[in-house]
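What follows is a guided reading of one protein chain, taken strand by strand and then through the residues packed between the strands. Please look over the sequence and the model before reading on.

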Amino acid sequence: TEIYTLSLHDALPILTLTCPECEGSVLLAPSPRLSEITNCPDCAAELEVISLEPVTIAAAPEIEEDWGE
């Protein structure tokens, strides 16, 4: 009898993209959403999915204070 172990990582194709800040590898789920935010595991930069065809990430915009305006 052979036993196979299948992890979730093996079951789903993972997208591997390059961080625009440090050029490290960033992994995304197989069906990312536009405007989805993720973090680079190497430099901790916040990244945003800006395009789905092809899947493209960029540095997420800084959230500015509105000071009640």
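A residue is called buried when its relative accessible area is under 20%, and exposed when that area is over 50%. The model shown here is a predicted one, and Thr38 gives a first use of these words: with a relative accessible area of 15%, Thr38 counts as buried because this value is under 20%. Thr38 lies in strand S3, and, apart from its neighbours within four places in sequence, Thr38 is in contact with Val26, Leu28, Ala45, Glu46 and Leu47.

Strand S3 belongs to an open sheet of 3 strands, arranged in the order S3-S4-S5 and paired in the antiparallel sense. Strands S3 (37–39) and S5 (55–59) stand at the edges of this sheet, and each has a single partner strand, so one side of each is left without a neighbour in the sheet. From one strand to the next, the twist averages 40 degrees.

The pairings within this sheet can be taken in turn. S3 and S4 run antiparallel and are joined by 3 bridges, with Asn39 standing opposite Glu46 in S4. These two strands form a hairpin that has 6 residues between them, and in its turn Ala44 has a positive phi of about 65 degrees. Strand S4, residues 46–52, pairs with S5 over 5 bridges, again in the antiparallel sense, and the hairpin joining S4 to S5 passes through 2 residues.

Within strand S4 sits Glu48, which stands opposite Ala58 in S5. What is the nearest side chain of opposite charge to Glu48? That side chain is Arg33, which is 13 Å away, and Glu48 is buried yet has no salt bridge. Leaving aside neighbours within four places in sequence, the contacts of Glu48 are Ser35, Glu36, Ile37, Thr56, Ile57, Ala58, Ala60 and Pro61.

Another pair of strands comes earlier in the chain. Strand S1, residues 15–18, and S2 pair in the antiparallel sense over 4 bridges, and Thr18 has Ser25 in S2 as its bridge partner. The hairpin of S1 and S2 has 6 residues between the strands, and there Glu23 takes a positive phi near 70 degrees. Along S2 the side chains alternate, so that Val26 and Leu28 point to one face and are buried, whereas Ser25 and Leu27 point to the other face and are not buried.

The two buried residues of S2, Val26 and Leu28, lead on to the largest nonpolar core, whose 9 residues are Leu17, Cys19, Val26, Leu28, Cys40, Ala45, Leu47, Val49 and Ile57. The elements that give two or more residues to this core are strand S2 (25–28) and S4. One of the core residues is Val49, and, not counting residues up to four places away in sequence, Val49 touches Leu28, Pro32, Arg33, Leu34, Ser35, Glu36, Thr56 and Ile57.

Conventions:
Residues are numbered from 1 along each chain as its sequence is written. This is a predicted model: local features need pLDDT of at least 70, side-chain atom pairs count only at pLDDT 80 or more; totals for chains, interfaces and linings use all residues. Side-chain values use heavy atoms; hydrogens and water are left out. Two strands pair if DSSP finds at least two bridges between them. Axes are lines fitted to C-alpha atoms, for helices over the stretch in contact, and angles run from 0 to 180 degrees between N-to-C directions. A nonpolar core is a set of buried Ala, Val, Leu, Ile, Met, Phe, Trp, Tyr and Cys residues joined through side-chain atoms within 4.5 Å. Buried means under 20% relative accessible area, exposed over 50%, partly exposed in between (1.4 Å probe, protein chains only). Contact means heavy atoms within 4.5 Å. Lys and Arg count as positive and Asp and Glu as negative; His and the chain ends are not counted. A salt bridge is a side-chain nitrogen of Lys or Arg within 4 Å of a carboxyl oxygen of Asp or Glu.
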